[in-house]
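Welcome, and thanks for taking a look at this one. Please open the sequence and the model side by side, and we will walk through a few places together.

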Amino acid sequence: MNIYLTVILVSLAGSWLLGVLSNALSAKHMAPQPPREFADIFDAQTYEKSQTYTRATMRFASIADTFNTALAIAVILCGGFNWLDTIVRSYAFSPLMSGLVYFAVIGLFSSIFSLPFEIYHTFILENRFGFNTTTVRTFITDRIKGLLLTGLLGGILLTGVLFFFEKTGPYAWLWCWGLAVTFTLGLTYVAPSWILPLFNKFTPLEEGELRQALEEYAHKTDFTLTGIFVIDGSKRSTKGNAFFTGFGKRKRIALFDTLIKEQTPEEIVAVLAHEVGHSKRGHIKRRLAVGVIRTGVVFYLMSLFMQSPGLFAAFGMEHISIYAGLIFFVLLYTPVSLVLSVVSNYVSRKHEFEADAYASQTTGRPETMISALKKLSASNLSNLTPHPLTVWLDYGHPPVLERINALAQSDK
Ligand SMILES: [Zn+2]
């Protein structure tokens, strides 16, 4: 059997197996009683509900993953990529145009196939546990906006990549690297003012106790905050959250209205302090640097493999093309990307502990951070005791129990 095909099939099946195994283990790993640290916030009924929710989410994820993996393998083995290529080629577009059409058709098909899962997830699963507040109208407009935006932004990036690989010879990967980095940084810069408002309403936080407390904290830690916004997260879900957008002098924090409703001003300051911690400890810059290096390596490897006849033979292709090579390389890269994601989750969990410690030191009140975390996990029905394999594979944040214990330790 073709070595490329072997690697791709084994890694697709392997990552599916790991995922399903991890979900099954986590579903079994739950303790019958809430850990004692949570006794005050998870009553028996909430705890029971959180377990049912975890099991339902895990089952759903396994089913979706099984379907997607089976679909991908079927398309590969049945020669789907060559079939589509033959159709696209019959129109005799330029290579660049053929590439755009090829990607558009694949993108469109994959969104059609994922739609039933998204509908089920939003309107049945999340609804059953009282999280969903998305109306059908919001759901539909979200999908349309998402598709148009991906088409536009993805189209621009793809045009550049195809153009460079077509025209700039052995240094194409360098050009693509430059393009991708500039593009991503540009997007991060304009996202707060151009892209995020397409999906949510951002309102400046009104004057009052909360605003004053947040500004005081930012001032105390010498952190430039150009804006504090409330975002209407309640438009889609009752789950609470907060995040930073923009960088440099344009940093702003967005607090979900659902978070403000549930947490006290002191707890929200702790949440801000945690985010400030990420910035002060250099996590954001380091992550950015790693991302830039990773992108370069991916494009370099891509340039080595994307035209290899063996790779095209693996997919039963009659013609070699740059656009199909891009897709095949991404599939070939599956095992590497799995390993990298485990490593990056590990680093990210370490960063979370550091940011928590920063919040605890600068506010001088670890117990407030603890109560903020506990409230968040109760209202989001988080799984308090995930299996280590699940943490290892998927958790960019440490299990909440570990975070609370680390904070309590720092208090002593
Ligand atoms: Zn964090």
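Does His278 count as buried or exposed? His278 counts as buried, because its relative accessibility is 10%. Please keep in mind that this is a predicted model. His278 is also one of the residues that donate to a zinc ion, and that site is a good place to begin.

**The zinc site**

- The protein donors of the zinc ion are NE2 of His274, NE2 of His278 and two OE entries from Glu352, at 2.1 to 2.6 Å from the ion.
- Along the sequence, these donor residues follow the spacing H-x3-H-x73-E.
- His278 belongs to helix 9 (residues 265–280) and Glu352 to helix 13 (residues 334–363), so this pair ties together parts that lie 74 residues apart in sequence.
- The arrangement of the four donor atoms is irregular, because the angles they subtend around the zinc ion run from 54 to 133°.
- For reference, the ideal angle for four tetrahedral donors at a metal is 109.5 degrees.
- Glu352 counts as buried, because its relative accessibility is 4%.

**Asp356, also in helix 13**

- Asp356 sits in helix 13, the helix that also holds the zinc donor Glu352.
- With a relative accessible area of 2%, Asp356 is buried.
- Leaving out residues up to four places away in sequence, Asp356 touches His274, Met369, Leu373, Arg403 and Leu407; among these, His274 is a donor of the zinc ion.
- Val271 is 85 residues from Asp356 along the chain, and the C-alpha atoms of the two are separated by 8.9 Å.

**Helix 3 against helix 4**

- A packed pair of helices is described by the angle between the two axes and the distance between them.
- Helix 3 (residues 80–89) and helix 4 (residues 95–128) have axes that come within 10 Å and cross at roughly 130°.
- That angle makes helix 3 oblique to helix 4, and their crossing is right-handed.
- On the helix 3 side, the residues in contact are Phe81, Leu84, Asp85 and Val88, and they meet Ser98, Val101, Tyr102, Val105 and Ile106 of helix 4.
- Ser98, found in helix 4, counts as buried at 5% relative accessibility.
- Not counting residues up to four places away in sequence, Ser98 touches Val88, Phe93 and Tyr323.

**Helix 4 against helix 5**

- Helix 4 packs with helix 5 (residues 136–167) at an angle of about 150°, and their axes are 10 Å apart.
- Helix 4 and helix 5 are therefore roughly antiparallel to each other, and helix 4 passes helix 5 in a right-handed crossing.
- The helix 4 residues that meet helix 5 include Leu96, Leu100, Phe103, Leu108, Leu115, Ile119 and Phe123.
- Among the residues on the helix 5 side are Val136, Phe139, Arg143, Leu147, Leu158, Leu162 and Phe163.

**Positive phi outside glycine**

- Most residues other than glycine have a negative phi, and two residues are worth a look with that in mind.
- Ala92 is a residue other than glycine with a positive phi, near 50°.
- Ala92 is found in the loop between helix 3 and helix 4 and is exposed, with a relative accessible area of 67%.
- Leu381 is not a glycine, yet its phi is positive at about 50°.
- Leu381 lies in the loop between helix 14 (366–379) and helix 15 (388–394) and is buried, with a relative accessible area of 5%.

**Other loop residues**

- Where is Asn380 placed? Asn380 is in the loop between helix 14 and helix 15, the loop that also contains Leu381.
- Asn380 is buried, with a relative accessible area of 18%.
- Setting aside neighbours within four places in sequence, Asn380 is in contact with Tyr53, Phe131, Lys239 and Gly240.
- Gly282 is in the loop between helix 9 and helix 10 (283–305), and at 22% relative accessibility Gly282 counts as partly exposed.
- The C-alpha atoms of Gly282 and Glu216 are separated by 22 Å, and the two residues are 66 residues apart along the chain.

Key
Residues numbered from 1 in each chain as written. Predicted model: local features only at pLDDT ≥ 70, side-chain atom pairs only at ≥ 80, totals over all residues. Heavy atoms only, no water. Donors = N, O, S within 2.8 Å, 3.2 Å for Na, K, Ca; no water. Tetrahedral: all angles 85-135°; square planar, octahedral: opposite > 155°, others 65-115°. Helix = DSSP H or I, 4+ residues; strand = E, 2+ residues; numbered from the N terminus. Buried < 20%, exposed > 50% of the residue type's maximum accessible area, 1.4 Å probe, protein only. Axes fitted to C-alpha atoms, helices over the stretch in contact; angles between N-to-C directions. Parallel < 35°, antiparallel > 145°, perpendicular 65-115°, else oblique. Left-handed = near helix turned anticlockwise from the far one by under 90°. Contact = heavy atoms within 4.5 Å.
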